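Q: I am new to this structure and would like a close look at a single part of it. Please take the salt bridges and set them in the context of the whole chain.

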Amino acid sequence: MKLVEVGKLCRRFGVMRLEVFGSASVGAFDPFASDYDFIARFVPQPSVSMGQRFLGFSEALETLLERPVDLMTDRPIENPYLRAAVDATRTTVYDESPSEALV
């Protein structure tokens, strides 16, 4: 994954934390068949539409990574099976606190 470029996109779209989960976080990513699964926490910006930032960030990630992207926000996951699967593999790839992330 292009971590430096992902970090630049996070700053551009106001993402304060980005986590990857699923195949890309456990070393099972197939560059020809897999997609990237992300959870993003956005900085509140009342002057900018959350929908525009969400869609723009998702599209920018797909362009950068040259693969489909499934993007979720950090809202609680209600489905207990999905929540367990996500929690078992989630890894931080960007955080505004430099000591906590890879970027």
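A: What follows goes from the whole chain to the salt bridges, and then to two loop residues.

This is a predicted model, in which local features need pLDDT of at least 70, side-chain atom pairs count only at pLDDT 80 or more, and totals for chains, interfaces and linings use all residues. Residues are numbered from 1 along each chain as its sequence is written, and side-chain values use heavy atoms, with hydrogens and water left out.

The protein chain has four helices and four strands; helices (H or I, at least four residues) and strands (E, at least two) are DSSP runs, numbered from the N terminus. Their order from the N terminus is α-β-α-β-α-β-α-β. The C-alpha atoms fill a box of roughly 40 × 30 × 30 Å along the principal axes. The radius of gyration of the protein chain is 13 Å, which agrees with the value near 13 Å for a compact globule of 103 residues; it is taken over C-alpha atoms, and the globule rule is 2.2 Å times the number of residues to the power 0.38. Of the contacts with a separation of 6 or more, 65% join residues 24 or more positions apart, a contact being heavy atoms within 4.5 Å. Buried residues make up 38% of the 103 residues. Here buried means under 20% relative accessible area, exposed over 50%, and partly exposed in between (1.4 Å probe, protein chains only).

Now the charges. The protein chain has 11 positive and 15 negative side chains, and the centres of the two sets lie 5 Å apart. Lys and Arg count as positive and Asp and Glu as negative, while His and the chain ends are not counted; the place of a charge is NZ of Lys, CZ of Arg, CG of Asp or CD of Glu. Side chains of opposite charge can pair when their charged atoms come close. A salt bridge is a side-chain nitrogen of Lys or Arg within 4 Å of a carboxyl oxygen of Asp or Glu, and by this rule the count comes to five.

Glu19 takes part in a salt bridge with Arg90, with 2.6 Å between the closest N and O atoms. This pair links distant parts of the chain: Glu19 lies in strand β1 (residues 15-21) and Arg90 in the loop between α4 (80-89) and β4 (91-95), 71 residues apart. Glu19 counts as buried because its relative accessible area is 10%, while Arg90 is partly exposed at 31%. Glu19 also forms a salt bridge with Arg17, where the closest N and O atoms are 3.6 Å apart. Arg17 is buried, as is Glu19. Arg90 in turn meets Asp87 in a salt bridge, at 2.8 Å from N to O. Asp87 is partly exposed, with 42% relative accessibility. Together with Asp95, the residues Arg17, Glu19, Asp87 and Arg90 are linked in a network of salt bridges.

Two loop residues complete the picture. Glu66 is in the loop between α3 (50-65) and β3 (69-73). Its phi is near 55°, a positive value in a residue other than glycine. Glu66 counts as exposed because its relative accessible area is 64%. Val43 sits in the loop between β2 (36-42) and α3, and is partly exposed at 23% relative accessible area. Leaving aside residues up to four places away in sequence, Val43 touches Gly14, Met16, Arg53 and Glu96.
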